[in-house]
Amino acid sequence: MILFSPARSGSTLVYNILNNIFNTNITKTHNIISVNSNVIITYRNPLDSLASLILIDNPYIQPSQVDDTLLLRKLNELRKNGLDDIIKIFNNPHPLFLKYEDFRDNYDYLYENISTHFNVYIDNTKREVINNKFSLDNVKKQIKGYKSFKEWDNKTKLHGNHVSKYGGESYYKVFFTHNHLEKIKGELNEHIKILGYDEEVYTD
């Protein structure tokens, strides 16, 4: 089983949920390896992924501190870590695609889609255990001792600074300035449209 996603698209949460459902090896990657029915793909509004990618290095950075050099470097990092790959295979019918905005606050969305795709039954007891173990509050407790994103747990793949204050939906609108957004839209126009976020991004 392969779990692929662009960076900062919720794959660590899904990885841990999958590990608690299946007794199998799961490869978690930000670069597409293959495309078949054993591949799970998470994706997210690229602008929110980008904001989150900037914040993992410095959770206290202010928009005024994000200069063009930093913005371009992080844009390229995001593109190399899955964003360019996903637009090549987004319409492939075989993988299970999971949208971050649909599962972040609704684990039942994950259970139902995983259950249907893999034809497995996930009972309520197991769901409750997973919900509790990987609730936002408990994840924060698990990473509390890590000082930076460079420190992480090998089993859960949870890093320091893993939970961002910009972890919700459309927080890029709060984080980025108008000038930032114009540059980002110019760089990621194709990605935004293919992933289906153009209505939100271009009607602001």
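Which strand does Ile-41 lie in? Select residues 39-43 and you have the answer: that is strand β3, with Ile-41 in it. Keep in mind as you click around that this is a predicted model.

**Stop 1: Ile-41**

Show the side chain of Ile-41. Its relative accessibility is 0%, so Ile-41 counts as buried. Now bring up what surrounds it. Beyond the neighbours within four places in sequence, Ile-41 is in contact with Phe-4, Ile-86, Ile-89, Pro-95, Leu-96, Phe-97 and Leu-98. For a sense of scale, draw a distance from the C-alpha of Ile-41 to that of Asn-106: the two are 65 residues apart along the chain and separated by 17 Å.

**Stop 2: the sheet**

Switch to cartoon view and pick out the strands. Four strands make up an open sheet, ordered β2-β1-β3-β4, and the pairing is parallel. At the edges stand β2 (27-29) and β4, each with a single partner strand, so one side of each has no neighbour in the sheet. Look along the sheet and you can follow the twist, which averages 20 degrees from one strand to the next.

Zoom in on β1, residues 2-4. This strand pairs with β2 in the parallel sense over 3 bridges. Select Leu-3 and look across to β2, where Lys-28 stands opposite.

Next, add helix α5, residues 107-118. Helix α5 lies across β3 and β4 and runs at about 175 degrees to β4.

**Stop 3: Ser-11**

Select residues 11-21 for helix α1, which includes Ser-11. Is Ser-11 buried or exposed? Ser-11 is buried, with a relative accessible area of 4%. Apart from neighbours within four places in sequence, the contacts of Ser-11 are Leu-3, Ser-5, Lys-28, His-30 and Thr-42. You have already met two of these, Leu-3 and Lys-28, facing each other in the sheet.

**Stop 4: the aromatic rings**

Now show the aromatic side chains. How many aromatic pairs does a search of the whole structure find? The search finds 6. Start with Tyr-43 and Phe-90: the ring centres are 5.0 Å apart and the planes sit at 85 degrees, so this pair is edge-to-face. Tyr-43 is in strand β3, while Phe-90 is in the loop between α3 (68-89) and β4 (96-99), so the pair ties together parts that are 47 residues apart in sequence. Both partners are buried: Tyr-43 has a relative accessible area of 11%, and Phe-90 is at 15%.

Then jump to Phe-175 and Phe-176. Here the centres are 5.1 Å apart with planes at 70 degrees, so this pair is edge-to-face too. Phe-175 and Phe-176 are both buried.

Go back to Tyr-43 and add Phe-90, Phe-97 and Tyr-197 to the selection; these four form one aromatic cluster. Phe-97 should look familiar, being among the contacts of Ile-41. While you are here, select Arg-44 and Tyr-100. The charged end of Arg-44 sits over the Tyr-100 ring, 4.2 Å from the ring centre.

**Stop 5: Phe-134**

Last, find the loop between α6 (124-133) and α7 (136-142), the place of Phe-134. With a relative accessibility of 3%, Phe-134 counts as buried. Which residues does Phe-134 touch, not counting those up to four places away in sequence? They are Leu-13, Asn-16, Asn-20, Tyr-107, Val-139 and Gln-142. Pick Asn-16 from that set and check the C-alpha distance to Phe-134: 8.0 Å, for residues that are 118 apart along the chain.

How values were computed
Residues are numbered from 1 along each chain as its sequence is written. This is a predicted model: local features need pLDDT of at least 70, side-chain atom pairs count only at pLDDT 80 or more; totals for chains, interfaces and linings use all residues. Side-chain values use heavy atoms; hydrogens and water are left out. Helices (H or I, at least four residues) and strands (E, at least two) are DSSP runs, numbered from the N terminus. Buried means under 20% relative accessible area, exposed over 50%, partly exposed in between (1.4 Å probe, protein chains only). Contact means heavy atoms within 4.5 Å. Rings of Phe, Tyr and Trp (its six-membered ring) pair if their centres lie within 6.5 Å; planes under 30 degrees apart count as stacked, over 60 as edge-to-face and the rest as tilted. A charge sits over a ring if NZ of Lys or CZ of Arg is within 6 Å of the ring centre and within 35 degrees of the ring normal. Two strands pair if DSSP finds at least two bridges between them. Axes are lines fitted to C-alpha atoms, for helices over the stretch in contact, and angles run from 0 to 180 degrees between N-to-C directions.
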